[in-house]
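Thanks, everyone, for making the time. I would like to walk through one model this morning, beginning with its ligand and then moving out to the sheets and a few individual residues.

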Amino acid sequence: MTSAVSTVADRQLTAAVRTYDAIIIGAGISGIYQLYRLRQLGMKVRVFEAGSGVGGTWYWCRYPGARFDSESWSYGYSFSEELLKEWDWKEHFSPQPDNLEYLNLVADKFDLRRDMQFGSRVTAAHWSDAANEWIVTLESGETAHARFLFTAIGILSAYTLPRIPGVESFDGPAYHTARWPHTPVDFTGKRVGIIGTGASAIQAIPEIAKQAQQVVVFQRRPNWAAPLHNAKIGKAEMEQIRSRYAEIFARCAQTPGWFIHQPDARKTLEVSPEEREALWEKLYAEPGFGIWMANFSDILVDEKANTALSEFIAKKIRQRVKDPKVAEKLIPRDHGFATRRVPLETGYFETYNRDNVLLVDVKETPIEAITPGGVRTSEKEYEFDVLIYATGFDGVTGAFDRIDFRGPGGVRLRDLWADGPRTYLGQLIDGFPNLLMVLGPHTARGNIPRAIEHSVEWQTRLLRFMREHGYTRVETRPEHVAEWTQTVLKAAERLLSSKVDSWQTGVNRNVEGRTVRRVLGYNGNGVHYRRKTAEVADGGYKELTFR
Ligand SMILES: Cc1cc2nc3c(=O)[nH]c(=O)nc-3n(C[C@H](O)[C@H](O)[C@H](O)COP(=O)(O)OP(=O)(O)OC[C@H]3O[C@@H](n4cnc5c(N)ncnc54)[C@H](O)[C@@H]3O)c2cc1C
């Protein structure tokens, strides 16, 4: 028997149990919706999820204070009238437990769990040209085969620990904000060390400080943040929101960031200082991302405009933090406001007025090591009962790097993307047939579920087209990948955010080799993205090759 024959025979042996029309990796918002749509096409689908339940971000990130910064009612799925009728948001910026409950409800309501396999981390996905299918390997060593492979692995799912000597050596409980225990952690009477001051830390610190005996925050770089202004939603208000769903989703489809917020067409320095100040005061006092997304049209591209806005926000921090030295430490100097995704906060700055909270600037006194007892800086050793790593994610491509994707001829995705992702519309990769990315790199993002629904619907339509034409294999062509990648790079050129290190530009000093900025998303405007993707579909996918 030749080896080629035995390979096919082996495959057929397992085929009865482990062959699917499609495999989806991930059971967050993306994976849940992709499964729902593929099932409607009558496909036999398997979802592999590393966690023990659905929810993705809302399954993993259970730290105190975790909640939306999107308006809840603009974040939920829009595809089911019944679901919209059934689910009541209780807060304008819904907390993690409610979000997880919501996603569990979706999984149950549409009976999705029976096609999901939890505790199943995918480690490899190799294309077999002979069989025209993907062979997916799990951490357990199990394999499964499918004609189509969908990545729904999240842009913020590959969490990272800090690169500090002794990071595993702390004797007490240590938690990463993205791997939080499933039962609440009681901080009463505890001395707590928190490393990191990104979006998760900014949500968690005020909540933990209310309970703990002492909190020491280790800050490498401060982040700009603005007030969330969360509020409860009563029954009557929820009914009113429900009656406006169509209008809300239509609005999100018309804004650059898929949020309800639309930029102010005026330019910052065109208006009088009084008018400018009035708009900023208004936006700072309003809930949500208005201060970022409904601001003057040039704050993300004009250095002078951005500096003026940053000075306004710095003034607010100085007003809110009593100790001027602490306030200055909390004001970023290396990037302007809104050039990184803006964390929204509830009492974050006032937390530093508390007697039980201390801010340690690790630029002044670097952390030398995590010790069994706590954290040693160049100045002293801090003793803790609990240590928290709020050190974020290897954004966008991190979850891809953790899977060994290989196309025909064994081409490795990791090598292909060594200098940054190259995609067609953020949905396909040349040389990787039948691999479709939900919310892949180079898609437009912002209010993420809106982008996810768009991605899933575009891909479902593509599959329907293939079925109608009897095709079993789809690929994009290198010239179209080159063209889209150029469009993505060009859209990023004029943005101030492109000159700033952040997860959005692919920099994470806790990850080997992640010190060079890359363009990871399409920043050209959600509306343009919708138009472009619709043109491709309406035109019969001329940019794709089918067999
Ligand atoms: C704390 C926090 C707050 C956020 N708030 C907002 C917000 O308010 N608004 C907003 O628009 N966005 C927000 N986001 C972004 C958020 O990630 C998205 O809104 C959304 O949840 C993404 O869904 P997803 O399904 O694409 O990815 P995820 O929710 O990340 O799900 C991906 C899933 O894939 C699984 N997975 C990954 N790799 C593998 C593998 N190799 N094998 C098996 N399974 C794998 C993961 O375990 C995970 O469950 C927030 C993110 C964080 C971390």
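Let me begin with a definition: a residue is near a molecule if one of its heavy atoms lies within 4 Å of that molecule. What you see is a predicted model, so local features need pLDDT of at least 70 and side-chain atom pairs count only at pLDDT 80 or more, while totals for chains, interfaces and linings use all residues. Residues are numbered from 1 along each chain as its sequence is written, and side-chain values use heavy atoms, with hydrogens and water left out.

With that cut-off, there are 34 residues around the ligand, and those that come nearest are Ser30, Glu49, Asp69, Ser70 and Tyr75. By class, the shell holds 19 nonpolar, eleven polar and four charged residues, where Ala, Val, Leu, Ile, Met, Phe, Trp, Tyr, Cys and Pro count as nonpolar, Asp, Glu, Lys and Arg as charged, and the others, Gly among them, as polar.

Which helices each supply at least two residues of that shell? They are helix H2 (29–40), helix H3 (57–60) and helix H17 (448–469); helices here are DSSP runs of H or I with at least four residues, strands are runs of E with at least two, and both are numbered from the N terminus.

Now to the polar contacts, by which I mean pairs of N or O atoms within 3.5 Å; within protein, one atom must be able to donate a hydrogen and the other to accept it, and residues adjacent in sequence count only if both atoms are side-chain atoms. Glu49 places a polar side-chain atom 2.7 Å from an oxygen atom of the ligand, and Ser70 places a polar side-chain atom 2.7 Å from a nitrogen atom of the ligand. The backbone takes part as well, since a polar backbone atom of Ile448 is 2.8 Å from an oxygen atom of the ligand. On its own the ligand has 970 Å² of accessible area, of which the protein covers 96%; these areas come from the Shrake-Rupley method with a 1.4 Å probe, and for residues only the protein chains shown count as cover.

Let me turn to the sheets, where two strands are said to pair if DSSP finds at least two bridges between them. One open sheet has five strands in the order S7-S16-S8-S9-S12, with parallel pairing. Strand S7 (174–176) and strand S12 (357–361) stand at its edges, each with a single partner strand, so one side of each is left without a neighbour in the sheet. From one strand to the next the twist averages 20°, with axes taken as lines fitted to C-alpha atoms, for helices over the stretch in contact, and angles running from 0 to 180 degrees between N-to-C directions. Within this sheet, strand S8 (residues 191–195) and strand S16 (residues 386–389) are joined in the parallel sense by four bridges, and the bridge partner of Ile195 in S16 is Tyr389.

A second open sheet has three strands, ordered S13-S14-S15, and its pairing is antiparallel. Its edge strands, pairing on one side only, are S13 (367–370) and S15 (381–383). S13 and S14 form a hairpin with three residues between them; three bridges join these antiparallel strands, and Ala369 has Arg376 as its bridge partner in S14. On the other side, strand S14 (residues 374–377) pairs with S15 over three bridges, with Val375 partnered by Tyr382.

I will close with some loop residues, and with a question: is Tyr541 buried or exposed? Tyr541 lies in the loop between helix H19 (526–538) and strand S20 (544–546), has a positive phi of about 55° although it is not a glycine, and is buried, with a relative accessible area of 1%; buried means under 20%, exposed over 50%, and partly exposed in between, with a 1.4 Å probe and protein chains only. His229, found in the loop between strand S10 (226–227) and helix H8 (235–243), has a positive phi near 55° as well, but is partly exposed at 36%. Ser502, in the loop between helix H18 (478–493) and H19, is buried at 4% relative accessibility, and a polar atom of its side chain lies 3.1 Å from the backbone nitrogen of Gln504.
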